[in-house]
Amino acid sequence: MEQDLPRQPLDKNERISPEAEFISNEADYLKFLDRLYNEEGIDLAQYKQNQMRRRINMTIKQTGHNTYCSFLDYAKANENVYRKFIDRITINVSEFIRNPEKFTILETNYLRPMLKGNPNLTIWSAGCSTGEEPYSLALLLKLNKAGAGAKILGWDFDRKALAKAAEGIYNVEALKNVSKDLLDKYFKRLDSERYQVTDELKRLVRFENHNLLEDRFPTGVDIILCRNVVIYFNEQSKRQLFIRFGQALAKNGLLMIGASERIANSAESGLRALQPFFYVRNESDWPETKRTYPR
Ligand SMILES: C[S@@+](CC[C@H](N)C(=O)[O-])C[C@H]1O[C@@H](n2cnc3c(N)ncnc32)[C@H](O)[C@@H]1O
């Protein structure tokens with residue numbers, strides 16, 4: 001039946017490696033994609049097939065299942081297995097001050113003027129992975145002398161990623177956009193390859209294990225960052241998410257999304273773009289074009 005097929009066809013031109021061959025057959029795989037889309041809100045058709053099938057095949061084979069759909073039934077009945085599977089297909093890649101030019105815009109156009117109005121901002125990194133994004137925000141708060149009540153929430157549904165975030169140990173590669181001054185001040189050097197975030201910076205961030213598609217959102221948030229998270233959400237889940245982000249924002253709050261993303265339903269979400277990747281609530285006091293914080 002037509003509606004059993006995923007919304008995007010497999011890319012026939014992609015070279016498929018032996019590890020990424022279908023475990024059973026294409027129909028089973030398509031059915032599996034369709035069920036993930038309809039039942040879990042996850043759109044794996046967005047990903048490169050070779051990469052994704054390799055990842056999934058490895059996980060499924062370890063459980064002894066020989067079709068994708070029987071594995072999904074099994075996983076859904078076993079919380080731990082399901083969790084591990086989601087962890088496996090979720091890509092946690094992050095780094096400090098990811099897309100530095102966007103962070104500069106965030107800092108100069110929004111964060112600084114907002115801090116003048118309210119030094120105790122609440123910032124939410126929704127889909128914070130292993131902590132690089134919330135700690136980058138903590139650095140911005142320190143640099144801009146935020147008030148003692150300023151705080152950052154870091155949400156992710158991947159417990160392993162959150163454990164790593166709480167530990168705060170990073171390889172130099174993830175820190176390449178952090179200046180030497182900030183590195184010296186807010187990180188402890190462990191060895192030639194690794195640094196650990198100091199307690200002073202950690203105190204600004206609270207990590208919580210939540211699912212953005214299920215759990216209740218905070219309200220009155222001043223700045224929400226949701227970047228590189230919705231890549232495999234289906235359209236319906238994305239729409240809902242942005243509507244809920246709109247409701248979570250304080251009246252003059254700001255939503256920042258990923259450098260390759262856009263909100264298709266911004267009007268429905270009650271949001272308007274001040275510039276690409278930066279959105280505010282429709283009824284906020286932010287002027288249409290002049291990007292100064294309303295007083
Ligand atoms: C690629 S990382 C992005 C990290 C950071 N925002 C950045 O841009 O560098 C995506 C993160 O989103 C998390 N994520 C995906 N779906 C989620 C959901 N439904 N609820 C909570 N976190 C989710 C994943 O676990 C992963 O850690």
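**Domains and salt bridges: worked exercises**

Across the interface of domain 1 and domain 2, the rule finds one residue pair in polar contact, both residues having pLDDT 80 or more. A polar contact is a pair of N or O atoms within 3.5 Å; within protein, one must be able to donate a hydrogen and the other to accept it, and residues adjacent in sequence count only if both atoms are side-chain atoms.

This is a predicted model, in which local features need pLDDT of at least 70, side-chain atom pairs count only at pLDDT 80 or more, and totals for chains, interfaces and linings use all residues. Residues are numbered from 1 along each chain as its sequence is written, and side-chain values use heavy atoms, with hydrogens and water left out.

**Exercise 1.** Describe how domain 1 and domain 2 meet.

*Step 1.* Find the two parts: domain 1 covers 2-89 and domain 2 covers 100-281, with bounds from an automatic or database domain assignment. Their C-alpha centres lie 30 Å apart.

*Step 2.* Look at who takes part: eleven residues of domain 1 and ten residues of domain 2 are in the contact, where contact means heavy atoms within 4.5 Å.

*Step 3.* Now the area: about 980 Å² is buried between domain 1 and domain 2, and carbon and sulfur atoms give 51% of this. Buried area is the accessible area (1.4 Å probe) that two parts lose on being put together, summed over both.

*Step 4.* Check the charges: zero salt bridges are found across this interface. A salt bridge is a side-chain nitrogen of Lys or Arg within 4 Å of a carboxyl oxygen of Asp or Glu.

**Exercise 2.** Which helix gives the most to the side of domain 1 that touches domain 2?

*Step 1.* Helices (H or I, at least four residues) and strands (E, at least two) are DSSP runs, numbered from the N terminus. Across the interface, where zero salt bridges are found, helix 1 (26-40) and helix 4 (79-89) each supply at least two residues on the domain 1 side.

*Step 2.* Helix 4 gives the most, with three residues.

**Exercise 3.** Follow the salt bridge between Arg 35 and Asp 73.

*Step 1.* The two side chains meet at 2.9 Å, N to O. Arg 35 sits in helix 1 and Asp 73 in helix 3 (residues 68-77), 38 residues apart.

*Step 2.* Arg 35 is buried at 14% relative accessibility, while Asp 73 is partly exposed at 44%. Buried means under 20% relative accessible area, exposed over 50%, and partly exposed in between (1.4 Å probe, protein chains only).

*Step 3.* Widen the view: Arg 35, Glu 39, Asp 73 and Lys 76 are linked in a network of salt bridges.

**Exercise 4.** Are Glu 133 and Arg 227 buried or exposed?

*Step 1.* Start with their link, a salt bridge with the closest N and O atoms 3.5 Å apart. Glu 133 is in helix 6 (residues 132-143) and Arg 227 in the loop between strand 7 (221-226) and helix 10 (235-248), so the pair ties together parts 94 residues apart in sequence.

*Step 2.* Glu 133 is buried at 8% relative accessibility, and Arg 227 is buried at 3%.

**Exercise 5.** Explore the segment after strand 10 (278-281), where Ser 284 lies.

*Step 1.* Ser 284 is buried, at 8% relative accessible area. The side chain of Ser 284 makes a polar contact with the side chain of Arg 272 (3.2 Å).

*Step 2.* Asp 285 forms a salt bridge with Lys 251, the closest N and O atoms being 3.1 Å apart. Lys 251 lies in strand 8 (residues 249-257) and Asp 285 in the segment after strand 10, so parts 34 residues apart in sequence are tied together.
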